[in-house]
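Please walk me through this structure in a few careful paragraphs, beginning with one of its pockets and moving on to a helix and some aromatic rings.

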Amino acid sequence: MQKPSPDPTAEEDSHSAVRRIELLSLHLTPLTISPDDYRQIERLECAKAAAAKLNVDTKSLSSYMRGKHREIQDQVMDYFNNRPDLQTPVEILKDDHRELCMRQLTGLVREAGIRPFRYVVEDPAKYFAILEAVGSVDMSLGIKMGVQYSLWGGSVINLGTKKHKVKYFDGIDNLEYPGCFAMTELHHGSNVQGLQTMATFDPITDEFVIDTPNDGAIKWWIGNAAVHGKFATVFAKLMLPTHDKRGVSDMGVHAFIVPIRDMKTHQTLPGIEINDCGHKVGLNGVDNGALRFRSVRIPRDNLLNRFGDVSRDGKYTSGLPSINKRFAATLGELVGGRVGLAYSSGSVLKIAGTIAIRYSLLRQQFGPPKQPEVSILDYQSQQHKLMPMLASTYAFHFATLHLVEKYSEMKKTHDEQLVADVHSLSAGLKAYVTSYTAKSLSICREACGGHGYAAVNRFGSLRNDHDIFQTFEGDNTVLLQQVAGDLLKQYKEKFQGGTLSVTWNYLRESMNSYLSQPNPVTARWESEDHLRDPKFQLDAFRYRTSRLLQSVAVRLRKHSKPLGSFGAWNRCLNHLLTLAESHIESVILAKFIEAVQNCPDASSRAALKLVSDLYALDRIWKDIGTYRNVDYVAPNKAKAIHKLTAYLSFRVRNIAGELVDAFDIPGYVTRAPIAMQSDAYSQYTQHVGFNPL
């Protein structure tokens with residue numbers, strides 16, 4: 001008779017029961033541990049902590065981050081450091097700030113010999129590097145420089161032709177021709193095609209007549225207009241006389257050079273009324289004004305005629321067949337402003353993060369009983385506030401650097417595909433980075449407690465000066481809708497077999513593979529190696545974007561019949577904004593991963609990999625509901641992501657000092673006593689008037 005085979009399940013249950021009894025007995029009668037054993041445990045814990053901290057070669061990491069334009073940035077910062085009379089004080093009146101700002105810009109150009117305008121077309125990457133350094137000295141100065149060279153100067157050389165460059169380039173370059181960019185009106189900001197200012201051609205005198213038809217058409221928030229500007233690029237509807245009942249024909253919005261002040265006396269010219277927009281929330285070193293025109297006559301040659309021209313006899317010619325195409329070409333040439341804002345916003349985040357993290361390393365509060373107080377950055381709550389932000393700062397650096405490189409390539413090649421790509425990418429990054437930075441500035445202030453509220457520690461001025469970054473050069477909500485619209489266009493192209501632009505290439509694969517049902521096996525994988533695999537991270541980001549794109553396309557189709565296209569778009573608007581943000585996050589992560597892989601120094605690469613993983617997993621965790629709703633991530637995996645994100649924050653905290661040091665921002669640029677790496681408290685007390693003991 002054969003013996004019954006043993007039941008493996010019963011054996012396992014028996015072993016488990018024995019193991020549980022052993023564990024319970026250990027709790028009831030704990031092992032006696034000798035002092036030597038305690039010391040051995042302490043040594044193991046110290047070794048584990050040391051292993052968790054990377055050794056970062058700050059010099060190599062900084063060199064990789066700052067790149068080839070480091071020298072000219074240092075030149076800018078050194079110039080202002082050596083000129084105390086040109087440094088912006090904590091307390092300064094609006095009018096004094098404006099005059100100081102003009103003296104700062106004049107000194108930079110005429111004394112330091114730095115001529116930013118020469119790089120606007122020749123080497124945009126160098127121009128943006130100068131802009132970053134100038135903005136770190138005083139954000140008002142950065143914006144004033146941008147108005148003079150990117151906007152006023154950029155409109156002349158990008159929308160004009162050779163005759164305009166010959167006539168105006170040197171005067172713009174050396175500041176003899178300070179100017180404005182007069183696009184925004186009281187009633188119209190984002191809707192540029194809705195502008196009402198008119199430029200009517202008079203064939204008898206061969207002139208354009210600029211008119212403000214009503215108060216809603218007053219040019220508003222025009223930088224450089226209130227005090228210093230002598231010229232303005234005025235955007236107005238070009239009206240041509242006709243010989244029919246209409247009397248005039250609207251050729252769409254064009255740009256015109258309009259002198260607004262006398263070159264010698266600086267008096268306002270006849271027919272022009274200029275008023276001051278007054279004290280603002282921030283950027284009070286920039287003289288924003290409002291302009292009204294009453295039959296102001298300018299020569300026909302003052303039409304910036306690259307995309308459309310008017311002959312002596314009043315005939316209109318253009319290489320572009322429609323108003324919409326001419327308008328798109330015009331705005332496409334002005335995209336550099338968005339590129340500059342995205343790049344500069346990342347720089348503001350670097351300064352704020354440096355101040356908050358250095359203070360958090362310095363500041364000590366509470367601790368274990370009878371033990372020294374601990375750094376507030378040792379608290380998990382402080383790490384949760386600041387470490388993902390630090391990771392995002394690094395991510396934005398590489399993403400906006402990529403944008404600058406693409407923009408520079410576009411200016412050289414004028415490739416149509418690249419133009420479209422940069423237009424959408426600049427819109428998305430400008431919107432995403434400036435919104436994130438605006439929120440982060442308040443978090444940094446709060447993370448520094450009461451001392452973060454002192455004006456000398458910079459958070460108030462940084463927050464107020466940066467706040468408008470979310471609005472000018474395109475309202476962020478409007479820009480994100482442009483990105484969503486481009487995504488939907490690419491979605492349609494994909495199904496019609498068209499060519500996808502470079503930034504959208506992943507959609508070709510994602511719409512096929514990512515929209516299939518999630519793999520139930522990989523949805524449960526929770527190992528650290530898997531979660532830190534760049535392929536998993538990027539696939540997750542792109543899967544989310546593809547899901548959002550496919551679902552919003554279905555919703556728009558569904559709502560279009562009863563509501564019309566405008567109503568359907570409005571019904572799905574929040575969905576569309578989420579889609580655009582998701583796509584931009586995918587681009588940011590892809591560029592970060594690429595930067596990690598391309599880093600030549602091993603220690604820097606390891607640090608960047610750690611920071612990149614934190615950025616990716618923190619973003620996945622923040623939108624974990626989306627992944628759980630479609631079973632892309634199982635509950636156990638979601639929990640593992642949360643735990644690993646907290647652990648990575650702890651590990652990034654261990655090298656946080658080195659990471660902000662790699663930004664290489666001198667103390668005379670951060671200018672916050674609480675961010676000083678030595679004697680921070682003594683500098684702070686001396687600032688308020690105490691003599692050192």
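In this predicted model, helix α12 supplies eight residues to the lining of the second largest pocket, which is the largest share of that lining. Other helices take part as well, for α3, α4, α7, α11 and α19 each contribute at least two residues, as α12 does. The lining comprises 37 residues in total, and those nearest the centre of the pocket are Met65, Arg66, Tyr343, His397 and Leu401. Sorted by class, the lining has 17 nonpolar residues, together with nine polar and 11 charged ones, and the volume that the second largest pocket encloses is about 740 Å³.

One of the helices that help to line this pocket, α19, runs over residues 573–598, and its 26 residues reach 38 Å from the first C-alpha to the last, close to the 38 Å expected at 1.5 Å a residue. Helix α19 is mostly covered, since 20 of its 26 residues are buried.

Turning to the aromatic rings, a search of the whole structure finds 23 aromatic pairs. In one of them, Tyr168 and Tyr177 have ring centres 6.1 Å apart and ring planes at 65°, and because an angle over 60 degrees counts as edge-to-face, the pair is placed in that group. Tyr168 is buried, with a relative accessible area of 4%, and both tyrosines belong to one aromatic cluster with Trp152 and Phe231. A ring can also meet a charge: the charged end of Arg544 sits over the ring of Phe541, at 5.4 Å from the centre of that ring.

Methods. Residues numbered from 1 in each chain as written. Predicted model: local features only at pLDDT ≥ 70, side-chain atom pairs only at ≥ 80, totals over all residues. Heavy atoms only, no water. Helix = DSSP H or I, 4+ residues; strand = E, 2+ residues; numbered from the N terminus. Expected span 1.5 Å × (residues − 1). Buried < 20%, exposed > 50% of the residue type's maximum accessible area, 1.4 Å probe, protein only. Phe/Tyr/Trp six-rings, centres within 6.5 Å; stacked < 30°, edge-to-face > 60°. Lys NZ or Arg CZ within 6 Å of the ring centre and 35° of its normal. 1 Å grid on protein atoms, 1.4 Å probe; cavity = no way out; pocket = protein on both sides within 12 Å on 5 of 7 lines; lining within 4 Å. Points joined across faces, edges and corners; volume = space filled by probe spheres on them. Nonpolar A, V, L, I, M, F, W, Y, C, P; charged D, E, K, R; others polar.
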